[in-house]
Amino acid sequence: MDCKTASDLLPLYFDGELDRATSREFEAHLDECAACRDALVALDSLRTALRSETARYGAPASLRARVEQSAAAPPVARTQRTRTHTRWLAMAASWVLAFVAGGLTLGLWHQGSAGASDAAQLNRDLFASHWRALAATSPIDVVSTDQHTVKPWFAGKVAMAPAVHDFADQGYALMGGRIDYVGSERVPVLVYRHGKHLIDVFVLPEMASSSTRDVVTAQGYVLEAATLGGQRAMIVSDMDRVELTRFRDLLSAQVPEN
Amino acid sequence: MIATSNRTVVDELALRHLDAAYNLGRWLLGSEQDAADAVHDAYLRAARASDTYAGGNARAWWLAIVRNCCLARLSLRNKDKHNVAIDANPAAAERWLPRAEAEEIEERLDDSRRSQRLDVHLRNLPVTYREVLILREIEELSYREIADVLETPIGTVMSRLARGRALLQKALTEDGSMEIPHGL
């Protein structure tokens, strides 16, 4: 492990977010690198200082009493409840409308100048998410090679479950999926494996801005836009270009589901 | 799951993590009264929304509500900024007051500062970095939990944490070097 990689991983190691194998590699580097050891010591002394010198304010008894009192209060009467329910529904409906309208406007607006920097931010989010997934104990929340398990798993967690297909026959095996944030949106991520390469497919909500048709690269990783059953998607991986393009074409060839 | 049982879950959740909620509120808002009010608001909101709680990390869900209530209060307060006590923020005081006055305040603060240096630096950090440091270092949340509280990607959590730590370390070293020179 070189020093550049190690210093990127240092906070992850310090915060206990690295898996065991990577931790061991990192520790091997620590043994021979004084600079990284110092950086780790500095982080640790900051934490010690924060925990000992900074107050952790405990909730005052009066607040606890207030909450307990509210908790003990009888739930709202039945009739009132239904009324608030309808009101909430109406409000929810208006939010949906506002969102759709806003989405349309945003979409138009994004074609303008703001699009460029937003797209750059999106790309950074996607790369960061991919790297972090690689560093984590498991890059997958639901482990399954069965597309009929993965799709329903998403159904309860994101607004629109993506189309899931396994391409094991073509050399791209479905491994599972996870939920991640892109901007402030929760998006489904499909995880595939091709040889030793891990592939993340981020299925993006319509609103997210990305006019990027080009391929973006960062530190040997590649990001490419694709479509997945009619939804927009972004592929992040360290495969080479030819393999990536083949995978993209496989994804895009899938007919939209209903 | 029926609504009432969910409601009990929320009650239990809020009371179990009341200290965490209050601590976050206290650090975001800086005032005991505001923090307590914000946490109470958050409890009411959480109880109302108990039907919609979809599972997942409960503490992060609860702290996310607390944080939103605090930020709402913060933005309300920023509308009439004149009410912020100037002693609450010596760095800002220094920026806005005429030089002599600022120095006087500086001196007065000096004694208390030595013991609460870190406290003061943390308080002067922008909210974005302060909250992430509180959640990670004091409340010991994982990256994923923090991401859920802040509703941001994990990459953002990582970069804010790194930046916050660096800012705090920098402030501390500058402070340290300031104490030496006079005698020499």
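**Interface between chain B and chain A**

Eight salt bridges are found by the rule across the interface of chain B and chain A in this model, which is a predicted one. B:R144 takes part in a salt bridge with A:D180, for which the closest N and O atoms lie 3.9 Å apart. Polar contacts were also examined across the interface of chain B and chain A, and 17 residue pairs, both members at pLDDT 80 or more, are found in such contact.

On the side of chain B that touches chain A, at least two residues are supplied by each of helix 1 (3–16), helix 2 (18–29), helix 3 (32–48), helix 6 (99–124), helix 7 (127–138), helix 8 (143–150) and helix 9 (154–179) of chain B. Helix 9 of chain B makes the greatest contribution to this side, giving nine residues. By residue class, the side of chain B that touches chain A comprises 21 nonpolar, eight polar and 17 charged residues.

In terms of contacts, 43 residues of chain A are met by 46 residues of chain B. The area buried between the two chains, chain B and chain A, amounts to about 4,000 Å², and carbon and sulfur atoms give 56% of this area. Within chain B, the residues that lose the most area to chain A are B:L118, B:E137 and B:Y143, which together account for 14% of what that side buries.

Chain A itself contains eight helices and seven strands. Of the 258 residues in chain A, 41% are buried, while the area that chain A exposes is about 14,100 Å², with 58% of it supplied by carbon and sulfur atoms. Among the contacts in chain A with a separation of 6 or more, 58% are accounted for by residues 24 or more positions apart.

A single position in chain A may be described in further detail. A:H130 is located in helix 6 of chain A, a helix that spans residues 114–135. The relative accessibility of A:H130 is 1%, and A:H130 therefore counts as buried, the cut-off for that class being under 20% relative accessible area. When residues up to four places away in sequence are left out of account, A:H130 touches A:R178, A:L198, A:D200, A:F202, A:Y221, A:V236 and A:S237.

Terms used
Residues numbered from 1 in each chain as written. Chains lettered and ligands numbered in written order. Predicted model: local features only at pLDDT ≥ 70, side-chain atom pairs only at ≥ 80, totals over all residues. Heavy atoms only, no water. Helix = DSSP H or I, 4+ residues; strand = E, 2+ residues; numbered from the N terminus. Buried < 20%, exposed > 50% of the residue type's maximum accessible area, 1.4 Å probe, protein only. Contact = heavy atoms within 4.5 Å. Buried area = accessible area lost by both parts, 1.4 Å probe. Salt bridge = Lys/Arg side-chain N within 4 Å of Asp/Glu carboxyl O. Polar contact = N/O pair within 3.5 Å; in protein donor to acceptor, adjacent residues only side chain to side chain. Nonpolar A, V, L, I, M, F, W, Y, C, P; charged D, E, K, R; others polar. Areas by Shrake-Rupley, 256 points an atom, 1.4 Å probe, with all protein chains shown as cover.
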